[in-house]
Amino acid sequence: MLELTAIETFYGNIQALKGVSLKVAQGEIVTLIGANGAGKSTTLMSISGVVHPRKGSIAFLGEDVTASSTERIVSMGITQVPEGRMIFPRLTVRENLLMGAYLRKDKAGVRDDEEHAYALFPVLRERRSQMGGTLSGGEQQMLAIGRALMARPKLLLLDEPSLGLAPLVVENIFEIIVQINKDGVTVMLVEQNAQMALQIAHRGYVLETGHVTLEGPGKDLLNNPKVRSAYLGLD
Ligand code: ATP
């Protein structure tokens, strides 16, 4: 579904990605783990077209999207849930959800998807008239995911959905990610919480200073001695 080939992404003179290659097949949950500054967010933003790689290529569903606009990429079926949620604090929960459907013209489908978001996250229905900024961190994460689903993505990019949330809320969010994947959405998950991410992921990649250093099935990476000591704080 998605293939990155040796992408190199820069911020001015700073090279954040130094030749990242990875693949995501339809139906998978693929996780990208790594320390702060390894380039995880930059990889997602390169895929969604927020920054464009200077070298290498990105293909989605067989089309070269390396230089495509974010608008084009969203309309092809990729949506990103950014780190820090980035909900609109002064819009209501419902208005935030509808912003996710900004590019869609099928009103009936959008109504169905709004209902689907409330079914996945019942708390959002209860709070649909409340300002987004008044929600708790966990609720804002649910809103950010619900908003992304309103674009009816084929591939959902999640940047650190567990960041700053209480353990029980994190568990709930991870269960919902699995549910979304079972409903047919392919997921790419960036996480500092490597333990939980590798437990739900079909496959994972380890990123270190702009390079992929390890890859494999989630369960294998969980048992890999290097991953255990560097990212899981075990052994
Ligand atoms: P984190 O978990 O802290 O977000 P990350 O693995 O997602 O880390 P990136 O945010 O992708 O890492 O950052 C990769 C590198 O690019 C880092 O060295 C970072 O300092 C640099 N970088 C990121 N964003 C910018 C920017 N807007 N301008 C300059 N450098 C940046």
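Start with the lining of the largest pocket in this predicted model: by class, 15 of its residues are nonpolar, seven are polar and five are charged. Together that makes a lining of 27 residues, wrapped around about 580 Å³ of space.

To centre your view there, select Val74, Thr79, Gln80, Met99 and Gly100, the lining residues that lie nearest the middle of the largest pocket. Next, colour the elements that each give two or more residues to this lining: helix H2 (70-76), strand E6 (78-81) and helix H6 (137-149). Which of them should you look at longest? Try H2, since the largest share of the lining, five residues, comes from this helix.

**On to the second pocket**

Now move to the second largest pocket, with a volume of about 190 Å³. Select Asn36, Gly37, Ala38, Gly39 and Lys40: of the 17 residues that line this pocket, these lie nearest its centre. Two elements to highlight here are strand E2 (14-24) and helix H1 (40-47), as each gives two or more residues to the lining. Colour the lining by class and you will find four nonpolar, eight polar and five charged residues.

What takes up this space? Switch the ligand on: the space it takes is the second largest pocket. The shell around the ligand again brings up E2 and H1, the elements that give two or more residues to it. H1 provides the largest share of that shell, three residues.

**Around the ligand**

Show the 14 residues around the ligand, and pick out Gly37, Gly39, Lys40, Ser41 and Thr42, which come nearest. Coloured by class, the shell has five nonpolar, six polar and three charged residues.

Then zoom in on the oxygen atoms of the ligand and draw three distances:

- From Asn36, take a polar side-chain atom; an oxygen atom of the ligand lies 2.9 Å away.
- From Ala38, use the backbone: one of its N or O atoms lies 3.1 Å from a ligand oxygen.
- From Gly39, use the backbone as well, where a polar atom is 2.9 Å from an oxygen atom of the ligand.

For a last stop, show the surface. How much of the ligand does the protein cover? On its own the ligand has 630 Å² of accessible area, and the protein covers 62% of that.

If you want to save two views, keep one centred on Val74, Thr79, Gln80, Met99 and Gly100 for the largest pocket, and another with the ligand in the second largest pocket.

Note on methods
Residues numbered from 1 in each chain as written. Predicted model: local features only at pLDDT ≥ 70, side-chain atom pairs only at ≥ 80, totals over all residues. Heavy atoms only, no water. 1 Å grid on protein atoms, 1.4 Å probe; cavity = no way out; pocket = protein on both sides within 12 Å on 5 of 7 lines; lining within 4 Å. Points joined across faces, edges and corners; volume = space filled by probe spheres on them. Helix = DSSP H or I, 4+ residues; strand = E, 2+ residues; numbered from the N terminus. Nonpolar A, V, L, I, M, F, W, Y, C, P; charged D, E, K, R; others polar. Near = heavy atom within 4 Å. Polar contact = N/O pair within 3.5 Å; in protein donor to acceptor, adjacent residues only side chain to side chain. Areas by Shrake-Rupley, 256 points an atom, 1.4 Å probe, with all protein chains shown as cover. Sits in = over half its atoms within 2 Å of the grid points.
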